[in-house]
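Here is a short briefing to read alongside the model. Have the viewer open and follow the topics in turn.

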Amino acid sequence: MHTLHVCRDFDADAATIFDVIADHAGYASLPGVRAAWLRTPGETERGGVGAERVIQLPVMRFAERITEYQPGESLGYQIIECPLPIDHIGARIMLQPLGSDGNRTRVHWTSRLRGTTPLGAELTAAVFAAQMRLAYRGALEVWARRLGG
């Protein structure tokens with residue numbers, strides 16, 4: 001199993017960052033994403049726990065289910081449909097307020113996966129984890145620019 005973690009500091013409060021991260025349609029503005037939409041609303045909030053969002057990339061599509069939804073604190077999800085030979089154990093985006101005024105936040109994005117190929121599962125997971133790490137860093141960069149930092 002592979003665990004990947006990226007983090008970035010933002011010059012914005014945790015609630016504002018959460019709103020950007022939880023906006024499923026906004027994922028369409030991320031590098032390599034052609035479209036993103038909500039196919040199933042959440043149990044109590046539209047984009048909350050139980051919601052399923054679909055991400056369309058140039059060559060594939062995958063679906064995620066929201067597993068944790070704590071506005072201003074954290075968002076968890078699991079990839080539930082993916083054409084790649086991986087099993088996504090889950091991901092969590094955690095928001096850590098910095099300083100006493102609450103206007104700076106560190107975003108931690110952690111994800112766990114394992115390969116499902118009969119041979120070379122560890123190598124498969126390592127390759128996809130490296131690609132996911134790049135995608136997460138790209139997303140954090142786009143969100144930081146969007147929020148003016």
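T110 counts as partly exposed because its relative accessibility is 27%, a value that is not under the 20% needed for buried and not over the 50% needed for exposed. This residue lies in strand β7. Please keep in mind that the model is predicted, and that the points below are grouped so that you can find each region easily.

**Single residues in strands**

- Besides lying in β7, T110 can be placed relative to E45: the two are 65 residues apart along the chain, and their C-alpha atoms are separated by 23 Å.
- L98 belongs to strand β6, which covers residues 86-98.
- L98 counts as buried because its relative accessibility is 17%, and buried means under 20%.
- L98 and D13 are 85 residues apart along the chain, with 8.9 Å between their C-alpha atoms.
- Q56 is found in strand β3, and at 18% relative accessibility Q56 counts as buried.
- The side chain of Q56 has a polar contact, at 2.7 Å, with the side chain of R61.
- S74 sits in strand β5 and is buried, with a relative accessible area of 1%.
- The side chains of S74 and E68 make a polar contact of 2.5 Å.

**Helix α1**

- D13 caps the N-terminal end of α1, with a side-chain oxygen 3.2 Å from the backbone nitrogen of A15.
- If you colour by burial, A14, I17, F18, V20, I21 and A22 are the buried residues of α1.
- A22 also turns up among the residues that line the largest cavity.

**Aromatic pairs and their cluster**

- How many aromatic pairs are there? With ring centres required to lie within 6.5 Å, the count comes to four.
- Y27 and W143 form an edge-to-face pair because their planes are at 70°, with the ring centres 5.6 Å apart; the cut-off for edge-to-face is over 60 degrees.
- Y27 lies in the loop between α1 (14-22) and β2 (35-40), while W143 is in helix α2 (residues 121-146), so this pair ties together parts that are 116 residues apart in sequence.
- Both Y27 and W143 are buried.
- W109 and W143 make a stacked pair, at 5.6 Å centre to centre and 15° between the planes.
- Since W109 lies in strand β7 (residues 104-115) and W143 in helix α2, the pair ties together parts that are 34 residues apart in sequence.
- W109 is buried, as is W143.
- Y27, W109, Y136 and W143 form one aromatic cluster.

**R53 and the rings beside it**

- R53 lies over the face of Y27, 4.6 Å from the ring centre.
- The charged end of R53 also sits over the ring of Y77, at 5.2 Å from its centre.
- R53 has a further role in this picture as one of the residues that line the largest cavity.

**The cavity**

- Searching the whole structure turns up one cavity of 30 Å³ or more.
- The volume of the largest cavity is about 30 Å³.
- Which residues line the largest cavity? They are A22, H24, L38, G47, R53 and I66.
- By class, this lining divides into three nonpolar, two polar and one charged.

**The largest pocket**

- The largest pocket holds about 680 Å³ of space.
- Of the 27 residues that line the largest pocket, L57, F62, Q131, M132 and A135 are the closest to its centre.
- The elements β3 (52-56), β4 (61-70), β5 (74-81) and α2 each supply at least two residues of the lining.
- Which element gives the largest share of the lining of the largest pocket? That share, eight residues, comes from α2.
- For anyone thinking about chemistry at the wall, the lining of the largest pocket has 22 nonpolar, three polar and two charged residues.

Definitions and conventions. Residues numbered from 1 in each chain as written. Predicted model: local features only at pLDDT ≥ 70, side-chain atom pairs only at ≥ 80, totals over all residues. Heavy atoms only, no water. Phe/Tyr/Trp six-rings, centres within 6.5 Å; stacked < 30°, edge-to-face > 60°. Helix = DSSP H or I, 4+ residues; strand = E, 2+ residues; numbered from the N terminus. Buried < 20%, exposed > 50% of the residue type's maximum accessible area, 1.4 Å probe, protein only. Lys NZ or Arg CZ within 6 Å of the ring centre and 35° of its normal. 1 Å grid on protein atoms, 1.4 Å probe; cavity = no way out; pocket = protein on both sides within 12 Å on 5 of 7 lines; lining within 4 Å. Points joined across faces, edges and corners; volume = space filled by probe spheres on them. Nonpolar A, V, L, I, M, F, W, Y, C, P; charged D, E, K, R; others polar. Polar contact = N/O pair within 3.5 Å; in protein donor to acceptor, adjacent residues only side chain to side chain.
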